[in-house]
Every structure is written in structure tokens, then in C-alpha cells.
There are 2 protein chains.
Amino acid sequence: MAHDDLPHGTLTCGECPIRHRAVCARCEPTELGELERIKYYRSFEAGQTVIWAGDQMDFVASVVSGIATLTQTMEDGRTQMVGLLLPSDFVGRPGRARAAYNVIATTDILMCCFRRKPFEDMMERTPHLAQRLLQMTLDELDAAREWMLLLGRKTAREKIASLLSIIARRDASVNMMPSIGRMSFDLPLTREAMADYLGLTLETVSRQISALKREGVIELAGKRHVTVPDMDRLMFEAGDDSDGGLVG
Amino acid sequence: MAHDDLPHGTLTCGECPIRHRAVCARCEPTELGELERIKYYRSFEAGQTVIWAGDQMDFVASVVSGIATLTQTMEDGRTQMVGLLLPSDFVGRPGRARAAYNVIATTDILMCCFRRKPFEDMMERTPHLAQRLLQMTLDELDAAREWMLLLGRKTAREKIASLLSIIARRDASVNMMPSIGRMSFDLPLTREAMADYLGLTLETVSRQISALKREGVIELAGKRHVTVPDMDRLMFEAGDDSDGGLVG
DNA sequence: GGTATCGCTTGATATGGGTCAATTTGCGCG
DNA sequence: CGCGCAAATTGACCCATATCAAGCGATACC
């Protein structure tokens, strides 16, 4: 199977574009064949719960298309989103018996699943695979820590600006575009989902978006399509380092 | 070298007590010998910066004794703690050229360091080591996500109660004690550090601790020594699930 | 022994964002 | 084309936490 024919979201190596990230067909043809044998596809409709906190997880998976969220919930219903799963993202931790949070489909999604046991067995034997997963997990950890700064110390306005600039950048990286100057993209989340992500209420999200629009930091076409006339301005509003440098 | 003679904080296997966590002398004597050859010790005084965001990191390390914190900082000085390094915790991610945050010694600390390059080379060859690091990183990720819920959705009182119960449990696990009923421990952090951890101001931390004391949830001897008459009560105040179950 | 300092506590006041409630917008569907 | 409903907006009010400020107690240092 040629590298370019791989289904979107297939596990591939670190040299490939962002959407393919764990084991490379070119680098490891034998391993890829083995992965092919233990994989299957599952699809879920928007709103469906893919994994419930406490579930026995019998598979690990990579998102092929669509968007899902990881959420933590308190007994009284307060919820906090703790991660966003976009195409190519991996879910289901090898070695974990149970899930610690809910995975909920935001749009219809398709996932490429691997049965847990054979996947873990394979990981035992192939350092390359364990290392790729380690890299991906470290990336997630960095993102989670960045998010902790946002949740703990940023104002509502900065939180919104941060979220917009992150979505803009992920969008740009998928389309292989630079994320500077004027940019347009669709919001893949409702106001409520944004609020859960940012530790705010949906009313505050709405008010801050209106404020940014009123002040010309963003333009809105409909409720979901955003145009940012000047990414630098948005990054400034987000309170991020002006050098934009992602260290680490 | 007998297993029990290993210096506190040495990398060991998953079957060992919490303080020894990456590679096991009994399981992998050869590898341990190799690790022995590339390791050295470094100590830092309280307040010293061990690693500065943006640093080229030439080593990875495991905390042997003392406490350090991971912090993120914004340009205007707002800081958010994003991790706590206790004895046995690992820092310096293989494959990362630069640090993404500051590591600051809270007390005098001793670290067991491994030169980066040989460590990574060794990881290439030993699936066991990469897998142990993956496990540890997944644990950290779970903790980070738990923390995101706290930062985004908990009240000041719940935040304080959560922090106290986490410290109590870590303390108990180090001393191999159960973490139920009546417990005593020392706070390893100043009020300001607690505030940075919780996304609060130090005044609010102080007020909430006073309130918990006034209401009998905790007792204080001096400013740092805490006694919890009833862990269940504290957990209730923390807003955590009453079943106490750590799923995942 | 006196005093400067640091960590902490407590009080008074200000304010950002939450809460509750009323509309408005926009989209799917008969 | 208009109905119905969910999502989003906007307003009024309130409260939890931040901010600013004063004072306390222990420890270190001359």
C-alpha cells in the first residue's frame, strides 16, 4: 500500500504532515501490515458518547474525520472540557484499564480503532511505536499545561482570543497555510462548548465575542464563520508572548 | 547492587513502590547498569531555577529528595503552576529540544540526572524504558486534566480542599499509609505557591483556610502543619466523587 | 535586645463574570 | 411561506473573588 493512499488518520511517522502521526508506512512497512490486520472502523453520530468515564476500554483509536471532545464532569453537572480530538488525534491509553473522562462526538465522526490487546503486544516489541506514542502524549501534556495557564490566570476576553487563535492555527496547519495576517475559519463548537472549554458561561462567551467584533478584532459572517483581519492583534488580545514562540 | 540499596528516586519498575518508577533493577539488571554509567547527581537550593523556559536541556532527571514546581508565566508576571515535582517524579522530556516552562526548587533538592543523548539512545533500544516513560507521562496527563477541572469549575473553597486532600494522599502513599479517617501532614508550599497552583490570590487562600479551620474541617498547628479529623469530610468539601474512585 | 523582614491574616471596597430572564436570530421542515 | 425550536444575544442584577491596605507573629540579623 502506497504511503499516499493511507486513509486519513492512519497512524504514521513523525516526518509526515500533522494528520498522520504514529507509525510510518515507508519507515516500518512490516509493522504497518500488522496494524492493518488488527484495525477496524467505527462511526458515531454527533452527540453520541464514544467512551464513558469508567468504561472498560477494549480499543485504542485514531480520529479519521470529525471532532470529538474530552470532558470531565462533577456530580452536580459542572463540566470542563479537557481536550479536543481532531482528525489524527489518538485516544485510549495503552495500559489503562478504564477511561477517566467522557469522549463525546461533536460532529459525526469516524474512528480507526485497534483492538487493545494486540496493539499493546505490538508495542512491547516495537520501540518505534512506543516512542511515537510518547511524543504524542508529551505534546498533549504541553497543550494541557498551556490550557491550565489559560484557565487559572487569563481574563474572559483573553480566553476567547486564545481559543480563536488556537482554532485558527490548527485550521491553518491542516491546510498547510501560514497563520499570519488575515485569516478565515469556521468555529467547530457551539457557544456552550466554547464555555466548557474556557471555564466560562455561555453568556460570557457570547458577550466577549460581541465585544471583539464591536472593536474590529474579528468579523462574523453568520454565527460560526470568523474572519480575523489581523492575527497579530488577536494574539495580542490573547495575552500570549508576542514572539509567538512555542518553546519546548 | 541489591534492589533495596538503590538510591531514593532511582528509576525502577512499575511493581515497585511509587518512589521508584521507570526501570527495575531486578527486571533489567543490564539496563540498570547502563543507566548507572550515564548518571550523575545535582543539587539545587530552595528558590533556584533548575530549568528556565526556553533552555536547551542537556539532561533528563528524576527528583531524589525535595520539592520543585513547574510554572508557566505570562509577560505581565501572572504565573500559573502546572505541576509539582515530588521525589521520584521525572522531568525533561526525551525528544524535546527546549523546556516549555520553569522548574523552580521549592526546597533544597537533589536530582538524579542522565545525560540526554545516551538516555535517548538507550530508549531507542529498550522498549521497556519507553513504555515506562509513556505510563508516567499518561499519569501526568491525567493529573493535568483533573487539574483543569479544578481550575475551570471549582470554587475557591473546593480548590483548597482539593489541594489539601491531594497533598494528604501523596503523603500517605509515600509513607505506605491508608488515606482515610484522621490524617496529619505538613504543607510543603507557601500560601503564595498554593495560590499559584489554584489560580487564586494568596489572600483568598488564607481566608479559605481560615474558614475550613473555623468550621472544623481542618486543624492547624502553626501555619504549616495540618490535621484532617475526617478525610471523607474534606473530600466532600473538595467536590470530588464520593466513591473516591480514580477511574482511568 | 531591638529592629527589619517575610509569611500570613484580616478588613474594606471594587469589579469581573455568574445568574436569571427576555428577546432575537437563523435554520429545518411541513 | 410561515412555524417551531435551538442557539445566540442582550440586559439587569448580584456575588465571589480580586485588590488595596493595615497589622501581626516568628525568625534572622546587627
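**Entry 1: a strand in chain B**

I started at Ala68(B) and found Ala105(B) of β7(B) standing opposite. I keep in mind that this is a predicted model. The two residues belong to a pairing of β4(B) with β7, residues 102–105 of chain B, which is antiparallel and has four bridges.

Next I looked at the other neighbour of β4(B). Strand β5 (residues 79–85) of chain B runs antiparallel to β4(B), and six bridges join the two. Within that pairing I noted Thr71(B), whose bridge partner in β5(B) is Met81(B). I then followed the chain from β4(B) to β5(B) and found a hairpin with five residues between the strands. Gly77(B) sits in the turn and has a positive phi of about 100 degrees.

Is β4(B) mostly covered or mostly open? I counted five buried residues out of six in β4, residues 68–73 of chain B, so I wrote down "mostly covered".

**Entry 2: a covered strand in chain A**

I turned to β3, residues 59–65 of chain A. Here five of the seven residues are buried, so the strand is largely enclosed by the rest of the structure.

I checked its partners as well. With β8 (residues 109–115) of chain A, β3(A) makes an antiparallel pair over six bridges, and Ala61(A) faces Cys113(A) there. With β6 (residues 90–91) of chain A, β3(A) is again antiparallel, over two bridges. In that pair I saw Ser62(A) opposite Phe90(A).

**Entry 3: an exposed loop residue**

I wanted a contrast, so I picked a loop residue. Glu45(A) lies between β1 (39–44) and β2 (49–51) of chain A. Buried or exposed: which is Glu45(A)? I found 10 other C-beta atoms within 10 Å, and because a residue with 12 or fewer counts as exposed, Glu45(A) is exposed.

Leaving out residues up to four places away in sequence, I found that Glu45(A) touches Ala105(A) and Asp108(A). I also looked up Gly83(A), which is 38 residues from Glu45(A) along the chain; their C-alpha atoms are separated by 19 Å.

**Entry 4: the three-stranded sheet of chain A**

I read the strand order of this open sheet as β9-β11-β10 (chain A), with antiparallel pairing. Why is one side of β9 and of β10 left without a neighbour in the sheet? β9 (183–186) and β10 (219–221) of chain A stand at the edges and have a single partner strand each, so nothing in the sheet flanks their other side. Neighbouring strands are turned by 20 degrees against each other on average, direction ignored.

I took a look at one pairing. β10(A) meets β11, residues 225–228 of chain A, in the antiparallel sense over three bridges, and Ala221(A) stands opposite His225(A) in β11(A).

A helix crosses here too. I found α4 (residues 156–174) of chain A lying across β9 and β11 of chain A, at about 95 degrees to β9(A).

**Entry 5: helix α7 of chain A**

I listed the buried residues of α7, residues 231–238 of chain A: Met231(A), Leu234(A), Met235(A), Glu237(A) and Ala238(A). They span an arc of only 160 degrees around the axis, which puts them on the same side of α7(A). My general reminder is that an α-helix has 3.6 residues a turn, so residues three or four places apart point the same way.

What covers these buried residues? I found α4, β9 and β11 of chain A among the covering elements. Just after α7(A) comes Gly239(A), with a positive phi near 75 degrees.

**Entry 6: where the chains meet**

I looked up the contact of chains A and B and found 42 residues from chain A and 42 residues from chain B. On the chain A side, the elements giving two or more residues are β5 (79–85), α2 (116–125) and α3 (127–153) of chain A. α3(A) gives the most, with 19 residues. By class, I noted 19 nonpolar, 11 polar and 12 charged residues on that side.

**Entry 7: around DNA strand C**

How many residues surround DNA strand C? I found 18, and the closest are Thr155(A), Thr204(A), Thr190(B), Ser206(B) and Ser210(B). At least two residues each come from α6 (202–214) of chain A, and from α5 (191–198) and α6 (202–214) of chain B. α6(B) gives the most to this surface, with six residues. My last note is the split by class near DNA strand C: four nonpolar, seven polar and seven charged.

Conventions
Residues numbered from 1 in each chain as written. Chains lettered and ligands numbered in written order. Predicted model: local features only at pLDDT ≥ 70, side-chain atom pairs only at ≥ 80, totals over all residues. Pairing = 2+ DSSP bridges. Axes fitted to C-alpha atoms, helices over the stretch in contact; angles between N-to-C directions. Contact = placed C-beta atoms within 7 Å. Buried ≥ 20, exposed ≤ 12 C-beta atoms within 10 Å, placed from the backbone. Near = placed C-beta within 6 Å. Nonpolar A, V, L, I, M, F, W, Y, C, P; charged D, E, K, R; others polar. Arc of directions from axis to C-beta.
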